Amino acid sequence: MRQHQLSISLYLNYFIHGIGLIILTQNMQALSQHWQAPLATVSYVISGIGIGRLLAYFILGNLSDRFGRKVFVNLGMACYFTFFVGMALVTNIQLAYGLAILAGIANSALDAGTYTTFIEMGGRQGSANVLLKAFMSAGEFLLPLLVANFEAQRIWYGWSFILAAAILVVNSILLNRQQFPLKNQAAQAGTGVSQQPLKNRRWLATVGLAGYGYTSMALMILYTQWVSLFATTTLHFSSVLAHWLLSLYSIGSITGVIVIFWLLRRGVAETKLLLAMNGGSLLALAVICYSPAAGLSMLAAFGFGFTAAGGVMQVGLNLFIKGYPHMKGRITGIYFTFGSIASFTIPLVTGWLSKQNIATAMRFDLVIAVSGLAFVGLAVWALHVPTTLSQERQRINHIDQQIVRLLNQRFETVTAIGELKQQQQLPVLDQQREQRVLQQVAVKSTQTAHTPYLQAIYQAIMHNSRAYQTDLHTNLHKEDIDHD
């Protein structure tokens, strides 16, 4: 299985998905004219996307466990293709609403097939789920620029839809050449849950993570909906600064994706990330809600984007899936269903709160942040299990697999170096080079007490590398004699 090529196709789908999330809002004026309907009607059509998600997530998640991930990735692509082409041409409002629901189904199908696939690739592919958000953000960033250019050049708005559909066609061809991993296989190792907790605690973890599926989405929706208005009416910031708080949030989000991806690749546990990020988002949000200082608010807006929207929602999903390795699709469906409920309910609740004042609506996000931290704390406590000898040996086995793979690569490089030394008639032993290697080991070692033992291991590695090069040289020399 060529995992790298499969990953590229899956990421490209989420670039298109990012476009799909905002393409109706970015073309509202053009669609209003094309449909000969007011903007309120266009907004009504857009709401169909949320309905599609709410209807489809749980069903498609369950079905992906039965029929496999590739089917649902293809279903998502087909639904999005129909949505893009249909929206470019349709004039009937009811049909347009049906297409919007289809876009929500496309979102659900892609999630059911993609998040689970990355987990099933094994290794550290859970970190790859976080990177999906970066590709979504890229699509959301580039589409407004494309639409603005089309408007300036008076180019038909439908080309933005057709372009997305064309990319899907090309990507469908590339993706269907790839082989997907077996569905519902358990990963060999994880960074969050090392073994299953007791049954009653596992149930508590499920409640905590499902609740976090709601609060993590609600936290972001409420902020993006109300922060600009709150900043102008309550904090009395200028309009430019108020919108800048939203832009800084987006910049923080993209930065957070990169950092969380790197931390997961370094083996940092999901449980630690969830606690740290949710604690940080609560602190940053409190500053935004109560600080009148513009500079501090801008710093907090970046920090809130970093902690609340930098892929931490995907980290929660990874942890949830690892608790149920044989029903990944169902768990994905449950998690995002709660997020869809948040998408539907938060605008209603905050709309009611805003009748009192905008500050009440905005500061309700603090209640959500506290709830999210509580849900995460419950899940982390429930998932914590005492370390056992068997568990630690399993970790050693996994580390040994990685070491052997890297040593094989090292010896392949040693072979190439040996051939170059022979061509240049250089001795096998390079004492200065070996001393530099040992010095680098000392520099790279994060535990001073480990350093002499690591250097001893590297001395053994280099000793065996020299022996291997000598054997290669001897064998090649014998072959030359035999050939003569």
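Let me begin with helix α10, whose buried residues are Glu270, Thr271, Leu273, Leu274, Met277, Asn278, Ser281, Ala284, Leu285, Ile288 and Cys289. Before I go further, please keep in mind that what we are looking at is a predicted model, and that everything I say this morning concerns that model. Helix α10 runs over residues 270-290, and its 21 residues, taken at 1.5 Å each, should span 30 Å, which agrees with the 30 Å that separates its end C-alpha atoms.

One of the buried residues of that helix, Cys289, brings me to the cysteines. Cysteine 289 counts as buried because its relative accessibility is 0%, and cysteine 79, with a relative accessible area of 8%, is buried as well. For those of you wondering how many disulfides there are, with a pair of sulfur atoms required to lie within 2.5 Å, the count comes to zero.

Let me step back to the chain as a whole. The chain has 17 helices and zero strands, and its C-alpha trace spans about 90 × 50 × 45 Å along the principal axes. Of its 484 residues, 45% count as buried.

Now to the charged pairs, where I would like to spend a little more time. As general background, side chains of opposite charge can pair when their charged atoms come close. In this structure there are five salt bridges, and I will walk through some of them.

Arginine 69 pairs with aspartate 65, and the closest N and O atoms of that salt bridge are 3.1 Å apart. Are these two partners buried or exposed? Arginine 69 counts as buried at 2% relative accessibility, and aspartate 65, at 13%, counts as buried too. Arginine 69 has a further partner in serine 64, since a polar contact of 2.9 Å joins the side chains of these two residues. Serine 64 itself lies in helix α3 and is buried, with a relative accessible area of 0%.

A second salt bridge is formed by glutamate 120 and lysine 328, with 3.8 Å between the closest N and O atoms. Glutamate 120 belongs to helix α5, residues 93-120, and lysine 328 to helix α13, residues 328-353, so this pair ties together parts that are 208 residues apart in sequence. Both glutamate 120 and lysine 328 are buried.

A further salt bridge joins glutamate 434 to arginine 466, and here the closest N and O atoms are 2.5 Å apart. This pair links distant parts of the chain, with glutamate 434 in helix α16, residues 431-444, and arginine 466 in helix α17, residues 451-483, which puts them 32 residues apart. Glutamate 434 counts as buried at 13% relative accessibility, whereas arginine 466 is partly exposed, with a relative accessible area of 23%. Coming back to the earlier residues, Asp65, Arg69, Glu120 and Lys328 are joined into one network by salt bridges that share partners.

Let me turn from the charged pairs to the surface. Which residues form the nonpolar patch there? They are Ile59, Leu63, Phe67 and Val71, and together they have about 350 Å² of accessible area. Helix α3, residues 39-67, supplies the largest share of the patch, namely three residues. Isoleucine 59 lies in that helix and is partly exposed, its relative accessible area being 49%.

Valine 370, in helix α14, residues 358-383, is also partly exposed, with a relative accessible area of 45%. Its C-alpha atom and that of glycine 213 are separated by 14 Å, although the two residues are 157 residues apart along the chain.

I will finish with the backbone, where most residues other than glycine have a negative phi. Arginine 154, although it is not a glycine, has a positive phi of about 55 degrees. Arginine 154 is found in the loop between α6 and α7, and it counts as exposed because its relative accessibility is 79%. Histidine 236 likewise has a positive phi, near 60 degrees, and its place is in the loop between α8 and α9. Histidine 236 is exposed, with a relative accessible area of 63%.

Terms used: Residues numbered from 1 in each chain as written. Predicted model: local features only at pLDDT ≥ 70, side-chain atom pairs only at ≥ 80, totals over all residues. Heavy atoms only, no water. Patch = residues over 30% accessible without salt bridge, like charges linked within 9 Å, V, L, I, M, F, W, Y side chains within 5 Å. Areas by Shrake-Rupley, 256 points an atom, 1.4 Å probe, with all protein chains shown as cover. Salt bridge = Lys/Arg side-chain N within 4 Å of Asp/Glu carboxyl O. Helix = DSSP H or I, 4+ residues; strand = E, 2+ residues; numbered from the N terminus. Buried < 20%, exposed > 50% of the residue type's maximum accessible area, 1.4 Å probe, protein only. Expected span 1.5 Å × (residues − 1). Polar contact = N/O pair within 3.5 Å; in protein donor to acceptor, adjacent residues only side chain to side chain.
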